[in-house]
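This report follows one protein chain from its domains to the surroundings of its ligand and then to a few single residues. Please keep the sequence and the structure in view while reading.

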Amino acid sequence: MPTHRTQLSPMEPAIHWFRRDLRLFDHQALAKAGEGGRPVIALFVLDPAILQRPDTGASRVAYLLEALASLDRDLRRRGSALVIRRGSPRAVVPTVAAESGARLVTAVRAFEPSARTRDEAVARVLEANGRSLWLSAEQLLLDPASLPPLRTFGACRRRFDSVLSDGLPPAAPTPAFLGVGSLPQSDRLPAPSELGLLRTDRIWEAGERAADHRLRTFVGQRLGDYATARDDPGADATSRLSPDLHFGVLSVRTVIRAALDAVQAVPIAASGARRWLEQLAWRDFFSSTLWHFPEVATLEYKVELRNLPWPGAADALEAWKQGMTGYPMVDAAMRQLRTEHFMHNRCRMIAASFLVKDLHLDWRHGERHFVRELVDGDLANNNGGWQWVAATGPDAQPYFRILNPVLQGETHDPSGAYVRRWVPELRGLPDRYTHRPWEAPLPPTGYPRRIVDHARERLVALELYRACGPSPQGSSVRS
Ligand SMILES: Cc1cc2nc3c(=O)[nH]c(=O)nc-3n(C[C@H](O)[C@H](O)[C@H](O)COP(=O)(O)OP(=O)(O)OC[C@H]3O[C@@H](n4cnc5c(N)ncnc54)[C@H](O)[C@@H]3O)c2cc1C
């Protein structure tokens, strides 16, 4: 973390520039802003360039607006309010700093290439005017910026575990905020309808209270069974905290502490907690990859797979997006995505594998569709997930591991509960045909015939990959 050298008078305000850290509790950068009793101005910049980006999905904007409204309510309870300004952060942040006389601006370090460029530009303008931008490293447990590249998940996991065994710091104190009467002028938070959002986009309850309730419910009721139940998409066995973690509505330290406390209270929950913490470590792994190899945002991490051909057809992509491929697990997954703006992890793997290895479509098509639709859509995790499935990422699954959507369904959704929930056309089918409806004596009405034959397409995929010459382990030619 850079140190702030300028001497500040105790009453001079500091600005905390909120981005994907929309909380007051356990917030190190916020605590830094308020160090020594400095009153803090809570600033959020509504950047039209981000709102208009094609990868900015409506459900994520809906979550963001609700989380901002919740943050503003929490600040008002403390006699302050959220200052909202519309515009480019490069212009807005230095302007608000000049208006308020704040010489220190704090924020949480971002890892995406465009956010890094933005932060460097804002820091330059601030510094040119005798101010500074102080960044904390708290979006993850590890700080990729101060670590060498972590090329395997095992290496990441070992670092992650060693931070845990050193013990987490206590929750950072919430500072005092500048009173409402002294705040710089604020724009109004737009109503969801002003940004063209529909009621169907707003199905996730956002904000610290809602997220904390999700966390408590999960660790209290489901953490203990997580290791065994996490792969069953029909059981609601995972935490659904990914949007809260994406927007920093909960700090990662808070969720880890909650899991560790649960194990203290109920030691039998240990294996579930261990598995869950491992999942959290994947965030660190994928963000570290994006930080050290920003080119993965558009290119395969594995150089030897950058020429992989993608002969798939456009109408197959459309059938996949609509959940009309004729493969029940794939279709259930894609319909869950369309309706809930969420998808179970196992189903993300099945749907992604089907797009890449059965339909032979470029993983970037799937990545773009997911990030637009998902309420937790996240460049690092989504790109990491797609490159893992496509065998193009660091420490990815080997290219020849091709998920069979029928066997995956029969293994992970044996009762067919998940498929029947999302694909009503299959509800009347005898159980044994739920995952292979084309074998039923009477094909279900309104449900498509399968658009490809998995057994055949699997061989085509193997041929396409082998022609690029990846080693069976899929190791990279990177130095
Ligand atoms: C193709 C593909 C695309 C994905 N896209 C995203 C995405 O855009 N955003 C996103 O947050 N996750 C993504 N994931 C990872 C994972 O599917 C979701 O994080 C998880 O399903 C969220 O549900 P949960 O909160 O109930 O997870 P839980 O099982 O409760 O896990 C706890 C937390 O750990 C993190 N996590 C879990 N699994 C992973 C993983 N494989 N990679 C990174 N972090 C993980 C998430 O923050 C999650 O909230 C993707 C996975 C795949 C295979």
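The C-alpha centres of domain 2 and domain 3 lie 26 Å apart. The contact between them, where contact means heavy atoms within 4.5 Å, takes 22 residues from domain 2 and 23 residues from domain 3. The domain assignment divides the chain into domain 1 (1–138), domain 2 (140–171 + 207–292) and domain 3 (303–468), and such bounds come from an automatic or database domain assignment.

The model is a predicted one, in which local features need pLDDT of at least 70 and side-chain atom pairs count only at pLDDT 80 or more, while totals for chains, interfaces and linings use all residues. Residues are numbered from 1 along each chain as its sequence is written, and side-chain values use heavy atoms, with hydrogens and water left out.

## The ligand and its shell

Where does the ligand lie with respect to domain 2 and domain 3? Both domain 2 (140–171 + 207–292) and domain 3 (303–468) give residues to the shell around the ligand, so the ligand lies between them. The ligand is surrounded by 28 residues, of which Y226, T238, S239, R240 and N345 are the closest; a residue is counted as near if one of its heavy atoms lies within 4 Å of the molecule. By class, the shell holds 14 nonpolar, nine polar and five charged residues, where Ala, Val, Leu, Ile, Met, Phe, Trp, Tyr, Cys and Pro count as nonpolar, Asp, Glu, Lys and Arg as charged, and the others, Gly among them, as polar.

Polar contacts (pairs of N or O atoms within 3.5 Å; within protein, one must be able to donate a hydrogen and the other to accept it, and residues adjacent in sequence count only if both atoms are side-chain atoms) to oxygen atoms of the ligand include the following.

| Residue | Atom on the protein side | Distance to a ligand oxygen atom |
|---|---|---|
| L241 | polar backbone atom | 3.0 Å |
| R348 | polar side-chain atom | 3.2 Å |
| D378 | backbone N or O atom | 3.1 Å |

The protein covers 96% of the 820 Å² of accessible area that the ligand has on its own, with areas taken from the Shrake-Rupley method with a 1.4 Å probe and, for residues, only the protein chains shown counting as cover. The elements that give two or more residues to this shell are α9 (242–246), α11 (270–292), α14 (345–358) and α16 (379–389), and α11 gives the most, with six residues. Helices (H or I, at least four residues) and strands (E, at least two) are DSSP runs, numbered from the N terminus.

## Two residues with positive phi

Most residues other than glycine have a negative phi. R240, among the residues closest to the ligand, has a positive phi near 55° and sits in the loop between α8 (226–229) and α9. A391 likewise has a positive phi, of about 70°, although it is not a glycine, and its place is in the loop between α16 and α17 (405–412). A391 is buried, with a relative accessible area of 2%; buried means under 20% relative accessible area, exposed over 50%, and partly exposed in between (1.4 Å probe, protein chains only).

## Single residues along the chain

In the contact lists that follow, residues up to four places away in sequence are not counted. T56, in the loop between α2 (48–51) and α3 (58–77), is buried at a relative accessible area of 19% and touches I50, L51 and V61.

A102 is found in the loop between α4 (89–100) and β4 (104–108), and with a relative accessible area of 0% it is buried. A102 touches E12, P13, A14, I15, A97 and R131; the C-alpha atoms of A102 and R131 are separated by 7.7 Å, although these residues are 29 residues apart along the chain.

Is G220, in helix α7 (residues 208–221), buried or exposed? G220 is exposed, because its relative accessible area is 62%, and its C-alpha atom is 23 Å from that of S165, a residue 55 residues apart from it in sequence.

V263 belongs to helix α10 (residues 252–265) and touches A269, A270 and A273. V263 and A313 are 50 residues apart in sequence and 49 Å apart in space, C-alpha to C-alpha.

R364 lies in helix α15 (residues 363–373), counts as buried at 15% relative accessibility, and touches T298, L299, E300 and W310.
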